[in-house]
2 protein chains.
Amino acid sequence: MAHTLDDVNRYLREKGFRSTGARRTILEAIFGGGGHFTAEELLDTLRGRGGKVSRASVYRTLGMLVDGGFVETREFRRGQTMYEAVLGREHHDHLICTVCGKIIEFENEAIERLQDAVAREHGFTLEHHSLRLYGRCDVCGRGS
Amino acid sequence: MAHTLDDVNRYLREKGFRSTGARRTILEAIFGGGGHFTAEELLDTLRGRGGKVSRASVYRTLGMLVDGGFVETREFRRGQTMYEAVLGREHHDHLICTVCGKIIEFENEAIERLQDAVAREHGFTLEHHSLRLYGRCDVCGRGS
DNA sequence: ATACGTGCAAACGTTTTGCATATCG
DNA sequence: CGATATGCAAAACGTTTGCACGTAT
């Protein structure tokens, strides 16, 4: 984890993928921006910048990056995939406000260790995990 | 949490929902079967039993049960909602085999407590959470 | 009787795909 | 030049909805 942009380019080259205009534009937007985004939001960003990239290329490129482990997907809401660049970032989990949708990232070593222990107990070789805590954030919780 | 079938029926009655044939058939299949299922699988089960229930009714009934807290949804795979009856069952999380799809349920008090602590640190009032551990199960892990 | 539920088929939003064209190496 | 990527539009997928008809209360 915690790659650099060079890692991405090297990975793509090694896999025999070509460096095309569309691909470079998309990579730039994803790894320059940061944060969570949907495919459609990414497409809007690209179009706003005057780049002319098709929806298909956005989805295809996102797929490659997910396969390479440079982007992760999350399903915060049903029916829409959220993507997040993991470039240069360490693993983290999410707290999601069920009222305003705010997303806070956190890391907790102790939880990670317990997860490993649970997996081991059940004979699993852990590959990755997803932990999401849903609740009301400090602001939205006041009214309850 | 941990309701009985009577709780479900009482809830539905109190909400003013009617007891119809389709509804009874669906409830029976969901709470009689147990386990994880998709809307389509549930529909197949119902049809296999000769019941004639429409896809629309399946989705509408599932929605009511989710609202009532008797069924929970999970997104194990992208683009498809998995449902699970929580009737008579305590909270638990999941280990998912990325090769064969096997799902193992587990409970871990220590992890739960740490989650509460994390939420508190960030000023969140926790409502629910989702923890999924992905990896290779004991059987599928041997070949690696 | 009348409000609520049903089934059907059409609509929806997201994602994937087939194919002809353009581009990279 | 040959292989791969692109853009488009159509298809696919799971899910939701409008509506005329049925049924529980």
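These legends go with close-up views of a predicted model.

**View 1. Chains A and B, laid one on the other.** To put chain B on chain A, you turn it by 179° and shift it 0.0 Å along the axis, which leaves an RMSD of 0.3 Å. The two copies are therefore related as by a two-fold rotation axis. If you want a landmark in chain B, take Leu131(B): its C-alpha is the one nearest the axis, at 2.1 Å. Both copies use the same surface for their contact, with 97% of the contact residues of chain B turning up again in chain A.

**View 2. The six-strand sheet that takes strands from both chains.** Reading across this open sheet, the order is S5(A)-S4(A)-S6(A)-S6(B)-S4(B)-S5(B), and the pairing is mixed. At the edges sit S5 (103–106) of chain A and S5 (103–106) of chain B, each paired on one side only. From one strand to the next, the twist averages 20°. Zoom in on the chain A end and you'll find S4(A), residues 93–97, running antiparallel to S5(A), with four bridges joining the two. One pair to pick out there is His94(A), whose bridge partner in S5(A) is Glu105(A).

**View 3. The H5 helices on the six-strand sheet.** Helix H5 of chain A (residues 109–121) lies across S4 and S6 of chain A as well as S4, S5 and S6 of chain B. Its direction is at about 130° to that of S6(A). Now for the other copy: H5 of chain B, again residues 109–121, packs on the sheet and touches S4, S5 and S6 of chain A along with S4 and S6 of chain B. H5(B) makes about 130° with S6(B).

**View 4. A three-strand sheet in chain B, with a helix packed on it.** Here the open sheet runs S1-S3-S2, and the pairing is antiparallel. S1 (36–38) and S2 (71–77) of chain B are the edge strands with a single partner each, so one side of each has no neighbour in the sheet. Ignoring direction, neighbouring strands are turned by 40° against each other on average. S2(B) and S3(B), residues 80–85, are joined by five bridges and run antiparallel. Look along that pair for Arg74(B), which stands opposite Met82(B) in S3(B). Helix H3 of chain B (residues 39–48) packs on this sheet, touching S1 and S3, and its direction makes about 90° with that of S1(B).

**View 5. The S2–S3 hairpin of chain A.** Strands S2(A), residues 71–77, and S3(A), residues 80–85, pair in the antiparallel sense over five bridges. Thr73(A) has Tyr83(A) as its bridge partner in S3(A). Two residues separate the strands of this hairpin, and in the turn Gly79(A) has a positive phi of about 80°.

**View 6. Helices H3 and H4 of chain A, where they cross.** The axes of H3(A), residues 39–48, and H4(A), residues 55–68, come within 10 Å and cross at roughly 120°. That makes H3(A) and H4(A) oblique to each other. The crossing is right-handed. H3(A) brings Ala39(A), Glu40(A), Leu42(A), Leu43(A), Leu46(A) and Arg47(A) to the contact, while H4(A) brings Arg55(A), Val58(A), Tyr59(A) and Leu62(A). Sorted by class, this contact has seven nonpolar and three charged residues, and no polar ones.

Note on methods: Residues are numbered from 1 along each chain as its sequence is written. Chains are lettered from A and ligands numbered from 1 in the order in which they are written. This is a predicted model: local features need pLDDT of at least 70, side-chain atom pairs count only at pLDDT 80 or more; totals for chains, interfaces and linings use all residues. Side-chain values use heavy atoms; hydrogens and water are left out. Copies are superposed by least squares on the C-alpha atoms of residues with pLDDT of at least 70 in both. Contact means heavy atoms within 4.5 Å. Axes are lines fitted to C-alpha atoms, for helices over the stretch in contact, and angles run from 0 to 180 degrees between N-to-C directions. Angles under 35 degrees count as roughly parallel, over 145 as roughly antiparallel, 65 to 115 as roughly perpendicular and the rest as oblique. A crossing is left-handed if the near helix is turned anticlockwise from the far one by less than a right angle, and right-handed if clockwise. Ala, Val, Leu, Ile, Met, Phe, Trp, Tyr, Cys and Pro count as nonpolar, Asp, Glu, Lys and Arg as charged, and the others, Gly among them, as polar. Two strands pair if DSSP finds at least two bridges between them.
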